[in-house]
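Reader: I am new to this structure. Please take me closely through one part of it, the place where the two chains meet, and then say what lies beyond it.

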Amino acid sequence: MRKKVLAGIAAGIVAALSVGIPATAATNGNAVLSVLHGIPDTPVDVYVNGALTLDDFQPGDLAGPLDLPAGAYEVALTATDATDDSAPVLGPVTLTLEAGKNYTAVAHLNASGSPTVTPYVNDTSPTAAGEGRLTVRHDAAAPAVDVLAGGTAVISDLANPEEATLNLPAGTIQASVAAAGTTDPVIGPAPVDVQEGVLTIAYAWGSLEDDNLELAVQTITGLHSAPDGVNSGTGGQLAQRDLFLQSMWAIGGLVVAAAVAASALVVVRSRARR
Amino acid sequence: MSRAIAGVGASLAIALALTACGSSPGAAPSAPAPTATATATPLPTPAIEVPIAAATPPPARLPVPPVRVVAASIDVDMPVVPVGVEAGGFMELPVDPAIGGWYRFGADPAASDGNVVISAHVDAPQYPIGPLSRLRDLPAGEIVEVTDAAGEVRRYQVQSVTYYPKADLPVDELFARSGTRNLVLITCGGQFDSRTGRYADNVVAIATPTM
């Protein structure tokens, strides 16, 4: 609990420091990295380049986002009572981060149940006005799956550690995960909120055999675009009325001018008669 | 490597403790002796604070939609409904020019950041000319009031009224989600092209919160 409060404060500070810039946007020359823990029942310490970076990292927790200079990072996971990374339970693995990209490194089980780390690149390109983006990642010790929305497969035959991405109108979808080619859910159905301008990443993690399949969710905000424009007049009556009033003024002007001319003529003629 | 760092950290802690004791002799007699922590095998602590949270969707803030906009000086008092995006990527609008549309993907009046965008047709077939036909006459300095669904009234002061050719409408600026908290009122104006059923220009009023 205390950690979450601290995390909230840290996130608040980060947000406060980056006014006007989405917290998740990579600054020049940097990459953004988040880390998801998707190995059941195994709290770990995470060492990056030999330095302890995440202490007592719990399954189902998401760390970051961290703004890091581009480059290669050596990541090792150890038991939580380790005093250094000399005896990792997983790794060391090398993560190569490119400038301007947004990554999530996921510690998870592969299809056969062995721990592994998969670095994913998050698609943070702008979304169309009114749309959000949904990425689904298979990080569970389970066979290939289909992802169903409202009972129909929208992603087919997704195998560990593959991912699939959909751009969808903003709204809530009833999503479930079923073994490929079937419709009987192994996860869900659960409501997934596709928010406008937000990348929602759903991770299936855990193990089918151990009956501990879970869903983790990461969101990355600030991908929104403005509408292309506003077509706020389709009748033309205002333009017609304006035109009418203008012509009335013009006609009115002509009438006045004609009246002046006429009276001038009358004056001239009356003078001439004298 | 980290063992070395941890060792440095531990000795630093001792040094700090000693300094503290030295600077105020006898001031803290109940303080525990630092030797107890120094002799235990220290576990390393992270060098940087990384935010960690459960990987669950963050609770979304529910917007409080505006329901009414009033610009008394130009006799505008219209209901407002939430709208989104229509086919083609344009802002959706209520068919009736007497009803305003609030862009629900942008900020609501209670939001801490972002422009509140409300737009209405200036006219439409089968309807009388709409109240926003008078937007072009809205003087700078006038007050526009927006009432939200919770009944709260917010006041905005008009800064400008501008005609933009439609293709030049600064949509990123007007629909900004951060760094600004203006009320943006949009309608149409200028020449009407009866072939396309569209006006050439957008009329845009910008008003800033009075508080």
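**Where chain A meets chain B**

Author: A:Ala63 has B:Ile52, in strand 1 of chain B, as its bridge partner. The model in which this pair is found is a predicted one. The pair belongs to a short antiparallel pairing across the two chains: strand 4 of chain A is joined to strand 1 of chain B, residues 52-54, by 3 bridges.

The contact between the chains takes in further residues. On one side are 51 residues of chain A, and on the other 58 residues of chain B. Several elements of chain A give two or more residues each to the side that touches chain B: helix 1 (2-17), strand 3 (51-57), strand 4 (61-69), strand 16 (214-220) and helix 2 (237-273). Strand 3 of chain A gives the most, with 6 residues. By kind, the residues on this side of chain A divide into 21 nonpolar, 20 polar and 10 charged.

Chain B also holds a barrel. There, 8 strands close up in the order 2-3-4-5-8-9-7-6, with mixed pairing. From one strand to the next, the twist averages 35°. Strand 1 of chain B, which pairs with strand 4 of chain A, is not listed in that order.

One pairing within the barrel can be followed in detail. Strand 8 of chain B (residues 183-193) and strand 9 of chain B (residues 198-209) run antiparallel and are joined by 9 bridges. Within this pairing, B:Cys188 has B:Asn202 of strand 9 as its bridge partner.

Terms used
Residues are numbered from 1 along each chain as its sequence is written. Chains are lettered from A and ligands numbered from 1 in the order in which they are written. This is a predicted model: local features need pLDDT of at least 70, side-chain atom pairs count only at pLDDT 80 or more; totals for chains, interfaces and linings use all residues. Two strands pair if DSSP finds at least two bridges between them. Helices (H or I, at least four residues) and strands (E, at least two) are DSSP runs, numbered from the N terminus. Axes are lines fitted to C-alpha atoms, for helices over the stretch in contact, and angles run from 0 to 180 degrees between N-to-C directions. Two residues are in contact if their C-beta atoms, placed from the backbone, lie within 7 Å. Ala, Val, Leu, Ile, Met, Phe, Trp, Tyr, Cys and Pro count as nonpolar, Asp, Glu, Lys and Arg as charged, and the others, Gly among them, as polar.
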